[in-house]
Each structure stands twice: as C-alpha cells, then as structure tokens.
Amino acid sequence: MIEYWQIAPVKICSSWLLFLAFDIISVSSDSANSQADVESHLEIGRDFLARGQLQDALSHYHAAVEGDPSNYLTYFKRGTVYLALGKAKFALLDFDKVLELKPDFHSARLQRGLLLMKQGEIQKSKDDLYHVYVSDPHNAPEAYDHYQKLDNIQYEIDSSHYYYENRDYFSAIQLLTKVIEVCPWSPTLRELRSACHLERGDTEAAILDLRSATKLLTDNTEGFFKISMLQYRLGKLADSLKEIRECLKLDPEHKNCFPHYKKVKKIDKLMTDADEHVNAKEYGLCAEKAKKMLLAEKEEPMIMFLAKQKLCHCYLHDEQFALSLQYCQEALDIHRTPDVHCEKAEVYIATEMYEEAIHEFSKALELDREFQRAVNGQKRAQKLQKMAEKRDYYKILNVKRSATKQEIIKAYRKAAQKWHPDNFQGDEKKMAEKKFIDVAAAKEVLTDPEKRQKFDNGEDPLDPESGAHPQGFNPFQQFHQFHGSPFTFKFHFN
C-alpha cells in the first residue's frame with residue numbers, strides 16, 4: 001500500500017514542471033515578439049532616415065533602444081541621427097555606449113573622434129582617431145587625414161589665447177573664426193571669441209557668440225545672464241527680459257539672474273508706461289516716468305539715453321522747450337541718433353530758431369542720408385526761415401503755434417480793435433491799415449485748418465506770388481462779421 005505522502009510530491013513536482021514549461025514558452029514568445037518589434041522599428045527608422053525625416057527616424061530608434069538596450073547597433077544608429085540633427089551631446093552619449101558594449105566597433109570610434117574634434121576636444125579626438133588609424137585599415141585613411149590636422153588646430157587655439165591675453169583681440173578673432181569652422185560645437189571657443197568682440201566694443205557680435213554657446217551647453221545659466229546684461233547695456237529691455245527669464249527657468253533663485261530680472265522689469269515697466277502716456281498725449285505724466293527711470297538707473301549709459309530721449313520728446317510736446325533742449329542734448333552726448341537730432345530741431349522750430357533747426361536736421365542726415373523725417377524737416381525749416389523774413393501770422397496775433405481756434409479768434413478781436421484805421425490819423429492811419437490787413441490775414445489763415453497746415457509746413461497760402469490768395473478777400477468784412485459794425489471803409493493803396 002502506497003501512502004499519500006509518497007505520491008504527493010511527485011504530483012506537485014509535475015505541476016511545477018508544467019508551469020515552468022509554459023512560462024519558458026511564454027518568455028520565449030515575448031522575447032521573439034520584442035525582437036520583432038525592435039527590427040520593425042529599425043526598419044522604419046532606416047526608411048525615414050533615407051527620406052531625410054530625421055525626427056521621425058529618431059522616434060523609432062528610441063523605441064528600438066528601449067526594446068533592446070544591449071544592442072550596440074541601435075545606439076550607433078540613433079547616435080548618427082542625433083549627429084545629423086546637431087545634437088552633439090546626445091550623439092556623444094550614444095557613441096560612448098556603443099564603445100562600452102563593443103570596444104572594437106571602429107566606425108563608432110571614428111564618429112566619436114570627429115565629434116570630439118567639432119567640440120574642440122582636440123586631445124580626446126586625437127586618441128580616438130589614432131586608435132582607428134592603427135586598428136582599422138578600412139577607416140584608417142579618413143582617420144589619418146583628420147588626425148594630421150589636429151596639431152595645427154591646437155596650435156591655433158593656443159595662439160588665440162595668447163593674442164587674447166596680450167590684448168590683440170583682432171588677431172585672436174581672426175584665428176578663432178578659422179578654428180570655429182572646424183570646431184563649430186565648441187562653446188569654449190565661442191565664449192572666447194565673444195570676449196574678444198566685447199573688448200573691441202562689438203556687443204552685437206559678442207551676443208551672437210554667447211547665444212550659440214548657450215545652445216551648446218545645457219543649464220547654461222551664466223550664459224543667459226551675460227546675454228541679458230549685454231542686451232540691457234544696449235538698451236534692449238525686451239530682449240534683456242527674455243534672456244533673463246531663460247536663466248530663471250533653469251534656476252528660479254539664481255543669485256545673479258533674479259536681482260537683475262527685478263531691475264530690468266522695473267525699468268521696462270517705466271518705459272512702457274511712458275510710451276502709453278505719449279500715445280494718450282499725457283506728456284507731463286510721460287516726463288514723470290522718464291525721470292523715475294533716471295533715478296532707477298544711474299550707471300548704464302544706454303538706459304539713461306532712453307530716459308533722456310523720452311524727456312526730450314515729452315517736454316517738446318508739453319511746450320517746455322528749455323527742458324526739452326537740455327535733455328535732447330544730454331541724450332545726444334550719450335548716443336547720436338537721427339531721431340534725437342530731429343527732436344532737437346523741432347525744439348528750434350518751435351522757438352523760431354530756423355537756422356539752428358536746419359543745422360540740426362543736417363546732423364541727422366550725416367548719420368542717415370535717407371532718413372525721411374530729416375529730409376522733410378530740413379525742407380520745412382528752410383521754408384519757415386524764408387517766411388520769417390516776410391510775415392508770421394502767429395507773431396501778428398501774438399499767439400503760440402499750438403493755439404486753439406478760440407484763442408486765435410480772441411487774439412484777432414483784440415488786435416483788430418487795436419489796429420482799426422478809425423483809431424488813427426495821418427501817416428499813422430496808413431501804418432494801421434497795413435497792420436489791420438495783416439491781422440485779418442492771420443485770422444484768415446489760422447482759423448482755416450487747411451490753410452494753417454500749409455503755413456505750418458512753410459507755405460504762405462495768402463502769398464500773392466503763390467497764386468493762392470483768395471478772391472474777394474476783405475479784411476474789414478471779416479471784422480464786421482465779428483463786431484457788427486455798420487461802417488464801411490475804402491482805402492487807396494499806392
């Protein structure tokens with residue numbers, strides 16, 4: 001008789017073996033499916049790559065790597081796509097992984113050597129290229145061709161550092177430009193060339209190199225900070241804010257970026273408010289914002305220039321001509337621009353200093369011969385200068401050039417009563433007749449928007465030589481319209 005305990009283990013063991021067999025079959029099946037998926041992704045990736053659709057190829061190579069992380073070929077193929085996309089850091093990581101899995105895969109070592117050369121890692125590049133040269137006859141010629149150039153490249157890099165340290169920035173830039181053609185992915189070389197540009201006063205070129213360096217390095221907060229500072233020094237507030245925000249995305253409490261952000265944001269807000277006041281013709285409020293800018297920034301010349309340029313403009317339109325002239329000149333002392341010269345010329349026109357206005361417009365044209373505001377302004381100033389030798393309707397009525405129609409009519413009434421010929425006798429009567437006609441002519445021009453605009457542009461609409469004098473112009477009839485006089489007057493002009 002067989003006891004249960006004697007056969008039970010056999011049954012249990014058989015059940016376990018059966019389960020294990022199914023598990024092995026299942027694993028084998030999953031492995032086969034997984035390998036099939038990997039091959040499928042590789043095939044699709046190759047197809048996209050052949051058609052130049054790099055991003056699509058990359059997504060499938062990602063899937064292939066995840067499906068078989070021990071396959072060195074999948075890493076190599078993904079690395080070549082990264083290389084084609086200019087993503088050197090990721091390409092280098094993949095080539096490193098390939099050589100970790102298969103150290104004798106010479107194609108990967110060649111690609112890594114060339115990539116390191118582009119990054120300016122000259123010694124590391126030499127090591128890889130030499131290894132390929134002595135180990136792989138197939139790739140040896142290409143490896144040797146690049147290898148023999150590296151000593152000269154290193155010499156040029158060392159020489160550029162020497163020139164920089166000895167303040168020969170022009171020579172350093174020339175060499176670095178040549179080297180960067182071979183090593184375009186070197187952030188160090190671009191930062192050095194940026195420093196040279198900065199020393200030579202070419203801030204825009206310095207910014208371009210720094211921006212390239214920030215793209216080549218991850219988490220380059222210092223690069224974004226430097227660019228933001230340079231943009232701020234140029235007076236480009238919006239660009240400065242954009243760059244400093246990139247820094248804060250990487251490190252919200254960066255010791256340099258955060259305080260600089262607060263400062264730029266404050267200045268930018270004041271400038272924006274000043275512009276809004278200009279649009280609303282609130283020139284006094286505009287001046288207040290510009291003054292606050294000067295209080296907030298007392299060191300950076302271009303920010304001070306922006307504030308003084310704004311004061312020049314706002315005081316001009318607020319008819320505070322002395323202050324406008326002061327800030328126009330202070331702005332020009334910092335940075336000469338055609339616009340500010342034109343603003344200063346407008347101050348001179350408003351104060352009837354036409355010769356000075358013409359001279360100021362000429363200075364604007366020295367900076368830009370095609371600057372239309374200066375071209376038109378100079379012609380207008382020349383016309384006004386000629387008119388000043390004749391009669392000035394604003395002066396005749398003793399009103400400002402910005403006087404309203406009501407103010408002009410009021411001044412006309414006062415002047416017409418003063419110079420009415422009935423108030424004078426003898427020779428004075430003839431003088432009064434002329435004055436009275438001038439007063440009426442001033443009223444005629446300055447209360448008619450079209451005629452006034454012509455006059456403001458340097459053309460006298462009542463000048464007999466222009467043929468624009470209105471038919472039937474009667475100064476006394478106009479006077480009677482305003483005063484209801486029952487008298488008529490007849491004058492004889494010699």
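Tutor: A disulfide is counted where two cysteine sulfur atoms lie within 2.5 Å. Keep in mind that we are looking at a predicted model.

Student: Thanks! Which cysteine does a disulfide join to Cys286?

Tutor: Let's apply that cut-off of 2.5 Å. The S to S distance for this link is 1.8 Å. The partner of Cys286 is therefore within the cut-off, and it is Cys314.

Student: How many residues apart are Cys286 and Cys314, and in which helices do they lie?

Tutor: Cys286 belongs to helix H14 (residues 283–296), and Cys314 to helix H15. The pair links distant parts of the chain. Both Cys286 and Cys314 are buried. Their separation is 28 residues.

Student: Is the link of Cys286 and Cys314 right-handed or left-handed?

Tutor: Look at the rotation about the S-S bond, which is 55°. With that value, the link of Cys286 and Cys314 is right-handed.

Student: How many disulfides does the structure hold, and what is the pairing in sequence order?

Tutor: Besides Cys286 with Cys314, a disulfide joins Cys312 to Cys328, S to S 1.9 Å. Cys247 and Cys257 form another, with sulfur atoms 2.0 Å apart. The structure holds 3 disulfides, and with the bonded cysteines numbered along the chain, the pairing is 1-2, 3-5, 4-6.

Student: Why is the disulfide of Cys312 and Cys328 right-handed, and how far apart in sequence are the parts it ties together?

Tutor: The S-S torsion of Cys312 and Cys328 is about 65°, so this disulfide is right-handed. Cys312 sits in helix H15 and Cys328 in helix H16 (residues 321–334), so the pair ties together parts separated in sequence by 16 residues.

Student: What is the torsion about the S-S bond of Cys247 and Cys257, and which helices hold the two residues?

Tutor: Here the torsion is about 95°, so the disulfide is right-handed. Both cysteines are buried. The pair ties together parts 10 residues apart in sequence, because Cys247 lies in helix H12 (residues 237–250) and Cys257 in helix H13 (residues 257–279).

Student: Let's move to the aromatic rings. Are the rings of Phe76 and Phe95 stacked, tilted or edge-to-face?

Tutor: A pair of aromatic rings is described by the distance of the centres and the angle of the planes. For Phe76 and Phe95 the centres are 5.9 Å apart and the planes stand at 45°. Planes under 30 degrees apart would be stacked, and over 60 edge-to-face. The angle for Phe76 and Phe95 falls in neither range, so the pair is tilted.

Student: Is Phe76 buried or exposed, and what about Phe95?

Tutor: Buried means under 20% relative accessible area. Phe76 has 15% relative accessibility, so Phe76 meets that cut-off. Phe95, with a relative accessible area of 0%, meets it too. The class for Phe76 is buried, and for Phe95 it is also buried.

Student: Which residues form one aromatic cluster with Phe76 and Phe95?

Tutor: Phe76, in helix H3 (residues 72–84), and Phe95, in helix H4, are 19 residues apart. The count for the structure comes to 12 aromatic pairs. Joining Phe76 and Phe95 in one cluster are Tyr72 and Phe105.

Student: Which charged residues sit over the rings of Trp185 and Trp419?

Tutor: Over the face of Trp185 there is a lysine at 5.0 Å from the ring centre, Lys118. Over the ring of Trp419, 5.4 Å from its centre, sits the charged end of Lys435.

Student: Now the pockets. Which helix gives the largest share of the lining of the largest pocket?

Tutor: This pocket has a volume of about 690 Å³. Among its 23 lining residues, those closest to the centre are Leu316, Glu346, Ala350, Arg401 and Ser402. By class the lining has 8 nonpolar, 5 polar and 10 charged residues. The largest share, 4 residues, comes from H17.

Student: And which helix gives the largest share for the second largest pocket?

Tutor: The second largest pocket has a volume of about 360 Å³. Of its 14 lining residues, Ala88, Lys89, Gln119, Leu216 and Leu217 are the closest to the centre. Helix H4 (88–101) and helix H10 (203–216) each supply at least two lining residues. The largest share, 4 residues, comes from H4.

Terms used. Residues numbered from 1 in each chain as written. Predicted model: local features only at pLDDT ≥ 70, side-chain atom pairs only at ≥ 80, totals over all residues. Heavy atoms only, no water. 1 Å grid on protein atoms, 1.4 Å probe; cavity = no way out; pocket = protein on both sides within 12 Å on 5 of 7 lines; lining within 4 Å. Points joined across faces, edges and corners; volume = space filled by probe spheres on them. Nonpolar A, V, L, I, M, F, W, Y, C, P; charged D, E, K, R; others polar. Phe/Tyr/Trp six-rings, centres within 6.5 Å; stacked < 30°, edge-to-face > 60°. Buried < 20%, exposed > 50% of the residue type's maximum accessible area, 1.4 Å probe, protein only. Lys NZ or Arg CZ within 6 Å of the ring centre and 35° of its normal.
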